[in-house]
Amino acid sequence: MSLSLNAHMDMVMKHGVDLLRSHQQQIIAECTGILQYLRETHKGSADAFEFAFNCFVAFFRSGQQSVETLIDDIRSQWVKEFHRPPEPHVLIFILTLIENSVHKAIKEVCVKFFSTRFKYRVFQDTLFVHFRLPCFTCSV
């Protein structure tokens, strides 16, 4: 890869890590719910998910910025804990669950933010109409 593409990819990864960290409480809560469901329904993937989730939480707490280091840590810790390399289909399943948790947590925060802004906008527009004030965002 070119140097500028590498720099751009590093910037995208750093932004992603910053976004994850800014929503870490919601992500942890969502993952905890998934883990609880896996345990209650006696799913075989519960141990693997718990392992990946614990690595993810440790990543949050470490202040680490490198996703590559996180992936390397997961691989090495997996071999130490399970005495075999991670199976690709299990990793894909676990990472998909974590990814879905991240998307759900971030989406909920964004929906609340935009819902509040929309309600404020409607309130503001109503005031403009009621008091016949000029409004730059509507035709009244």
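Where is His23 found in this structure? His23 is in the loop between α1 (3-22) and α2 (24-40). Helices here (H or I, at least four residues) are DSSP runs, numbered from the N terminus. The model is a predicted one, in which local features need pLDDT of at least 70 and side-chain atom pairs count only at pLDDT 80 or more, while totals for chains, interfaces and linings use all residues. Residues are numbered from 1 along each chain as its sequence is written, and side-chain values use heavy atoms, with hydrogens and water left out.

**Histidines and loops**

His23 has a relative accessible area of 10%, so it is buried; the word means under 20% relative accessible area, with exposed set at over 50% and partly exposed in between (1.4 Å probe, protein chains only). Its side chain reaches the backbone oxygen of Leu19 at 3.0 Å. That's a polar contact, meaning a pair of N or O atoms within 3.5 Å; within protein, one must be able to donate a hydrogen and the other to accept it, and residues adjacent in sequence count only if both atoms are side-chain atoms.

Two more loop histidines go into the table.

| Residue | Loop | Phi | Relative accessible area |
|---|---|---|---|
| His42 | between α2 and α3 (46-62) | positive, about 55° | 71%, exposed |
| His83 | between α4 (67-82) and α5 (88-130) | positive, about 60° | 67%, exposed |

His42 has that positive phi although it is not a glycine, and His83 likewise is not a glycine.

**Cysteines**

How many disulfides does the structure hold? There are zero, going by the rule that a disulfide is a pair of cysteine sulfur atoms within 2.5 Å. Cys31 is buried, since its relative accessibility is 0%. Cys55 has a relative accessible area of 15%, so it is buried.

**Aromatic rings**

A pair of aromatic rings is described by the distance of the centres and the angle of the planes. Rings of Phe, Tyr and Trp (its six-membered ring) pair if their centres lie within 6.5 Å; planes under 30 degrees apart count as stacked, over 60 as edge-to-face and the rest as tilted. By this rule the structure has five aromatic pairs. One of them is Phe49 with Phe53, stacked because the centres are 6.4 Å apart and the planes at 5°. These two sit four residues apart in helix α3, so about one helical turn separates Phe49 from Phe53. Both Phe49 and Phe53 are buried.

Trp78 and Phe82 make a tilted pair, at 4.5 Å centre to centre and 45° between the planes. In helix α4, Trp78 and Phe82 are four residues apart, so again the separation is about one helical turn. Trp78 is buried, with a relative accessible area of 3%. Add Phe51 to Trp78 and Phe82, and you have one aromatic cluster.

There's also a charge over a ring: the charged end of Arg21 sits over the ring of Phe59, 4.9 Å from its centre. The test is NZ of Lys or CZ of Arg within 6 Å of the ring centre and within 35 degrees of the ring normal.

**Empty space**

Rolling a probe the size of a water molecule over the atoms shows where empty space is left. On a 1 Å grid over the protein atoms alone, a cavity is a set of points where a 1.4 Å probe fits but cannot get out, and a pocket is an open set with protein on both sides within 12 Å along at least five of seven lines; lining residues have an atom within 4 Å of a point. Grid points are joined across faces, edges and corners, and a volume is the space filled by probe spheres set on the points.

The largest pocket comes out at about 580 Å³. It's lined by 19 residues, with Phe56, Val67, Leu70, Ile71 and Leu95 the closest to its centre. At least two lining residues come from each of α1, α3, α4 and α5, and α5 gives the most, with six residues.

What about closed space? The structure holds one cavity of 30 Å³ or more, and the volume of the largest cavity is about 30 Å³. Its lining is Ala52, Ile74, Trp78, Leu91, Ile94 and Leu95. Both α4 and α5 supply at least two residues of that lining, with the largest share, three residues, coming from α5.

**Ile106 and Gln24**

Ile106 is in helix α5 and is buried, with a relative accessible area of 16%. The C-alpha atoms of Ile106 and Gln24 are separated by 9.4 Å, though the two residues are 82 residues apart along the chain.
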